[in-house]
Amino acid sequence: QQQQQQQQQQPSSKGRGKQKEDLDYTDFSLDSLPYWECDVDGLQQAYYTPLPYIRDGLLLYSKPGFYETGLTPLVLLWKDAGSTRYFTYGATQSIVLEVLSARHHQKRLREEQGDDDQSEEDAPPTSTDAAAGADADAVVEDNKENHSAPGLGLGLGLYTLEGAAPVLSDLAPGAVQEKLRGLQAESGDYVKIQIASCLESDAGDDIDIVLVAPKITQRCSTNRALPDHTSKILFQKDARNGASLGFDALLDAAYETVEAMEEDGTAS
């Protein structure tokens with residue numbers, strides 16, 4: 001009777017497709033994506049050719065470079081409203097940053113640089129609680145003392161994928177740390193942040209971006225693979241403001257490249 005009750009409680013597998021144990025490697029196949037030379041004709045083919053899947057932008061590769069695992073400037077993901085369904089995400093721009101302690105951040109830097117002798121006391125500044133301001137450089141310059149640097153015993157920091165520490169403007173001093181404690185965020189977690197906009201900064205080497213009117217909303221699911229890169233954050237801002245690089249600009253660059261090669265006598 002107990003076995004009958006267990007069988008009755010188990011959901012039927014009818015209409016649910018194959019179960020995991022029934023799947024066979026022959027059920028799937030790996031197909032190479034179509035590719036073209038990055039000239040005028042190739043760009044037009046890549047942009048307009050019908051595909052058996054949903055296009056999500058174009059990947060531009062630098063052929064002369066050597067590729068290694070990890071972040072690389074040799075690949076560019078470009079997209080516009082005509083080449084993707086995901087040109088902008090939602091009505092409000094949301095970004096994802098990684099929560100890191102100074103010790104974890106320094107360890108990651110040493111691993112990337114191959115320098116095991118780097119002192120943990122030399123912790124770089126992390127995400128800053130800053131006063132509101134329209135000019136990014138001014139915000140950074142006026143708030144150098146407000147870095148929530150874990151190396152100074154002031155808690156956790158927020159970082160982009162490449163390890164940059166944005167300035168969070170329009171927040172009272174200590175607001176970032178207080179919010180992270182409220183979310184019970186730990187080093188290695190990802191958090192979602194809503195922003196009104198973002199600004200680029202040239203005030204220093206450690207800070208490249210200012211987040212305007214940020215609001216830390218939640219910890220991300222453990223399924224989240226990576227935080228956002230600075231370039232993605234800036235791209236989304238430009239896309240919302242109609243300032244992103246259009247397809248015509250890509251074609252113009254291709255035309256100019258061909259003309260330069262013809263002048264140099266290197267065009268085939």
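**Two pockets, up close**

User: How do the residues lining the second largest pocket divide into nonpolar, polar and charged?

Analyst: This is a predicted model, where local features need pLDDT of at least 70 and side-chain atom pairs 80 or more, while totals for chains, interfaces and linings use all residues. Residues count from 1 along each chain as its sequence is written, and side-chain values use heavy atoms, leaving out hydrogens and water. Here nonpolar means Ala, Val, Leu, Ile, Met, Phe, Trp, Tyr, Cys and Pro, charged means Asp, Glu, Lys and Arg, and the others, Gly among them, are polar. The lining splits into 15 nonpolar, two polar and four charged.

User: Which residues sit closest to the centre of the second largest pocket?

Analyst: That pocket holds about 720 Å³ of space. Among its 21 lining residues (an atom within 4 Å of a point on a 1 Å grid where a 1.4 Å probe fits, the points forming an open set with protein on both sides within 12 Å along at least five of seven lines), the closest to the centre are Pro34, Tyr35, Trp36, Leu59 and Tyr61.

User: Which element gives the most to that second lining?

Analyst: Helix 2 (40–48) and strand 1 each supply at least two residues. Helices (H or I, at least four residues) and strands (E, at least two) are DSSP runs. With four residues, the top giver is strand 1.

User: And which element gives the most to the lining of the largest pocket?

Analyst: The largest pocket has a volume of about 890 Å³. Strand 1 (58–61), strand 2 (75–78) and helix 6 (230–240) each give two or more lining residues. Giving the most, with six residues, is helix 6.

Terms used
Grid points are joined across faces, edges and corners, and a volume is the space filled by probe spheres set on the points.
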